[in-house]
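Reader: Could you take me through one part of this predicted model in detail, and then show how that part relates to what surrounds it? I would prefer a connected account to a list.

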Amino acid sequence: VCTPPIIIVLCLVCTIDAETTMVLAVLQTITIFCGYIGALQTMNVFIFTWFVLGTISFLGTFSILLVVQYKTYQRNLLRSAGKVEQQAMYIREHKLGKRLLIITLTTWSIYPIIWAVEQSGNASTGAITIAHSCLAFFAKMTFGLVLGWYRGHLGWQTFSVFALVTSPTSPLRRGTFSEEDGRKGSISLTLQETVVPSP
C-alpha cells in the first residue's frame, strides 16, 4: 500500500513533473492490484497471469522513472548553465535520486523471488511471512535513512510533499527547483547558502 507514496517521493527528489508523477503512481497501484487479485486465485494459470501483468506494470514504472529522471537532470543542468550553486544542487539531487532508485529497484525485485518460492511450496507459511516482513522493513528503513542523510547535505530544512503536488505554481510543473521558488514560497524548501559538490 505504501509503494505509490514511495514512487511519489522518488519523483519529487528527481524533480519529475506532476503529470508523470501521477502516471507512475497509478502504474504502481496497478502493480499492487494485480498482486492482490493474483493472491485470491486458486488456479495456477490465473495466478501466473496476474503475476505477469503485475510484473509488466512494475517494469514499466521503473523504466519510465529511470528515463525521465535522466532527461530531467540533463534539462536542469542546461537551464542552470553558468549558475555554479544551482548546478551543484542538481548534481546532489541527481545522486540522491539515483541511489534511492537503485535501493528501491533492488529491494522490490526480491519480492517476485519470494513469491516464486512460495508458489513452489518449498518454504513454510511462517518462513514466507518472515521474509516479507524483513524485506519490507529493510527496504523502507534503508530508503528513509538515505533520504534523511541527504536531507542535511542538500540543505532541505522543510519538504512539503502536499505543496509540491497540489500547488499550481509548484516547480514540479516545470520539472525544476530553484532558490527563487523557495523564497516565493511555492514550495517549502530552503537551500544552504553555499553548496559544494562532493568529489
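**Helix α2 and its surroundings**

Author: A good place to enter this predicted model is a polar contact, in which the backbone oxygen of Ile16 lies 3.4 Å from a polar atom of the side chain of Thr21. The side chain of Thr21 also reaches the backbone oxygen of Asp17, at 2.9 Å. Thr21 belongs to helix α2, and with a relative accessibility of 1% this residue counts as buried, because the cut-off for buried is under 20%. Once residues up to four places away in sequence are set aside, Thr21 touches Ile8, Cys11 and Ile16. Asp17 appears again at the start of α2, where one of its side-chain oxygens comes to within 3.3 Å of the backbone nitrogen of Glu19.

The helix as a whole can be checked against its expected length. Helix α2 covers residues 18-40, and its 23 residues, at 1.5 Å a residue, should span 33 Å; the C-alpha atoms at its ends are 33 Å apart, so the expected span and the model agree.

Thr21 is one of several buried positions along this helix: the buried residues of α2 are Ala18, Thr20, Thr21, Leu24, Ala25, Gln28, Thr31, Cys34, Ile37 and Gly38. Among the elements that cover them are α1 (3-13), α3 (44-79) and α4 (84-108). One pair of positions relates α2 to α3 in space: the C-alpha atoms of Leu27 and Gly60 are separated by 7.7 Å, although the two residues are 33 residues apart along the chain. Gly60 has its place in helix α3, and it counts as partly exposed because its relative accessibility is 23%, which falls between the limits of 20% and 50%.

Helix α2 also borders open space. The largest pocket holds about 940 Å³, and of the 27 residues that line it, Thr31, Ile32, Gly35, Tyr111 and His132 lie nearest its centre. Two or more lining residues come from each of α2, α3, α5 (110-120) and α6, and α2 gives the most, with 8 residues. Thr31 therefore has two roles in this description, as it is listed among the buried residues of α2 and also among the residues nearest the centre of the pocket, buried here meaning under 20% relative accessible area.

Turning to the helices around α2, the largest nonpolar core has 20 residues, of which Ile7, Leu10, Phe62, Leu65 and Leu100 touch the most other members. At least two residues of this core are supplied by each of α1, α3, α4 and α6 (125-154), with α1 giving the most, 6 residues. Leu10 illustrates how such residues meet: apart from its neighbours within four places in sequence, Leu10 is in contact with Leu65, Leu100, Leu101, Thr104 and Phe143.

Enclosed space completes the picture. The structure holds 1 cavity of 30 Å³ or more, and the largest cavity contains about 70 Å³ of space. Its lining consists of Val13, Cys14, Thr15, Gln69, Thr72, Tyr73, Asn76, Tyr90, Glu93 and His94. The elements that give two or more residues to this lining are α3 and α4, and α3 gives the most, with 4 residues. Helix α3 thus recurs through this account, as part of the cover over the buried residues of α2, as a supplier of the nonpolar core, and as a contributor to the linings of both the largest pocket and the largest cavity.

Technical notes
Residues are numbered from 1 along each chain as its sequence is written. This is a predicted model: local features need pLDDT of at least 70, side-chain atom pairs count only at pLDDT 80 or more; totals for chains, interfaces and linings use all residues. Side-chain values use heavy atoms; hydrogens and water are left out. The expected span of a helix is 1.5 Å times one less than its number of residues. Buried means under 20% relative accessible area, exposed over 50%, partly exposed in between (1.4 Å probe, protein chains only). Contact means heavy atoms within 4.5 Å. A polar contact is a pair of N or O atoms within 3.5 Å; within protein, one must be able to donate a hydrogen and the other to accept it, and residues adjacent in sequence count only if both atoms are side-chain atoms. A nonpolar core is a set of buried Ala, Val, Leu, Ile, Met, Phe, Trp, Tyr and Cys residues joined through side-chain atoms within 4.5 Å. On a 1 Å grid over the protein atoms alone, a cavity is a set of points where a 1.4 Å probe fits but cannot get out, and a pocket is an open set with protein on both sides within 12 Å along at least five of seven lines; lining residues have an atom within 4 Å of a point. Grid points are joined across faces, edges and corners, and a volume is the space filled by probe spheres set on the points.
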